[in-house]
Amino acid sequence: MSWSSKLFTIRGIPVRVHVSFLLIVGWAAYIGLSAGEGGWRLSLGGAAFMVTFVLLLFACVVLHELGHSLVAQLFGIRVQDITLWPIGGVARMAKMPEKPYQEFLITAAGPATNILLTIGLGALALVWIGPDQLLRLVTSSWLLSRFLSEMNGQALLLLLTANNAILALFNLIPAFPMDGGRLLRSLLAVFLPYPTATRAASVVGQVLATFIGTAALLAGNIMLALVGLFVFMAAWQERQQAITQGALAGLRVRQAMQPVGPRLHPLQTLSEAAAQAATSPQPAYLVVDGGRLVGLLTRGELINAMRRAGPRAAAGAGPAARVGSHLHRDVLQLRADDLLLAARKQLQERSAVMGIVVENGQVIGTLSQLDLARLVDMLRAHPQALPRG
Ligand SMILES: [Zn+2]
């Protein structure tokens, strides 16, 4: 279940909205309702105003994501979809751009869209509201809040203009996961290797996030402090991702796979299985019946099943004590010549602890997320530990 539904398709890109997006529409309606204190007519008007504002603002977010997407398509990168979340939009690309200048242009197209919108909407406001009044509004916060509380078309236009400017500026903060972080990385990648550029950009992001977070805490702004924390963690995650990708690049499953560990039988009791698997380094065990693979039992699943059954029942004859009642049947199959990075992605996407490596219909080894983590640790210390092809 994806919890999102498709709104429309543009240039072959499905634009989807996540169900949690309804939260923000409801919140906007609530704010609007409570803003109109002069009876139900005003309240309903306020709610309609706020909901219209939120929907139009998210239309601008769709345009921002389309900006990224259309430039990506120019470079032959397929855009899988655009999804609207309460916190913003996400355009998923089938692959990363190859050249730094491509990443720069794809990323810059997002904030550039908001800058163009700010200019366009601002020009419209200049014509409709008039330069004199506009000047008075931007110089007096009291006049401005009175003007906005009218909740009419002019107020809507002014709010949209200002929010597009904020979107552009916010996205240009040079920290992951903001566009600014990617822009910085692509600039650094012109004269640094890509993983090094990512590490440098994420350090800049973390320093900035620490600065913003500390300043916000001192000023008592908890929301902004949380944003600082979020940016700090996102930058850390981006760096870990870059380190892992750099370490595993060009390596094949064959080079990292492990020998098949203990093989369990579906009719074995849990305690027999535990005795057989206790000292095995494998995080999951193949369950085999007459030479045929029937499923996989992870170490965690075995331990949980033992705990639930208790030591007496785990040795008993009931069906709950059999390995066959606890295994899972859908097992990720990998090939020995698959790239490790692709295998890792598959393991993560399926939340699989371990996959099996199959060659000519035979299971010749296993590969687990734990194996990969250990290998990354080793390769970080010595990148030439394995030959790359
Ligand atoms: Zn963006």
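Three strands make up an open sheet, ordered S8-S9-S10, with mixed pairing. Strands here are DSSP runs of E with at least two residues, helices are runs of H or I with at least four residues, and both are numbered from the N terminus. Two strands count as paired if DSSP finds at least two bridges between them. The edges of the sheet are S8 (333-334) and S10, and each has a single partner strand, so one side of each is left without a neighbour in the sheet.

A word on the source. This is a predicted model, in which local features need pLDDT of at least 70, side-chain atom pairs count only at pLDDT 80 or more, and totals for chains, interfaces and linings use all residues. Residues are numbered from 1 along each chain as its sequence is written.

Back to the sheet. S9, residues 354-359, pairs with S10 in the antiparallel sense, over six bridges. One bridge partner to point at is Gln362 in S10, which is matched with Glu359.

Now one residue in S10, which covers residues 362-368: Gly365. Is Gly365 buried or exposed? Neither: Gly365 is partly exposed, because it has 19 C-beta neighbours inside 10 Å. The cut-offs are 20 or more other C-beta atoms within 10 Å for buried, 12 or fewer for exposed, and partly exposed in between, with C-beta atoms placed from the backbone. Leaving out residues up to four places away in sequence, Gly365 touches Met257, Gln258, Pro259, Val260 and Val357. Contact means that C-beta atoms, placed from the backbone, lie within 7 Å. Ala256 is 109 residues from Gly365 along the chain, and their C-alpha atoms are 9.5 Å apart.

Next, the domains. The assignment, which is automatic or from a database, gives domain 1 (1-172), domain 2 (176-248) and domain 3 (253-385). Between the C-alpha centres of domain 2 and domain 3 there are 36 Å. Five residues of domain 2 contact seven residues of domain 3. On the domain 2 side, three of these are nonpolar, two are polar and none is charged.

Finally, the whole chain. It has 14 helices and 10 strands. The radius of gyration, taken over C-alpha atoms, is 28 Å, well over the 21 Å from the globule rule for 389 residues, so the chain is more spread out than a compact globule. That rule is 2.2 Å times the number of residues to the power 0.38. Along the principal axes, the C-alpha atoms fill a box of roughly 85 × 55 × 45 Å. Of the 389 residues, 32% count as buried.

Conventions: Contact = placed C-beta atoms within 7 Å. Nonpolar A, V, L, I, M, F, W, Y, C, P; charged D, E, K, R; others polar.
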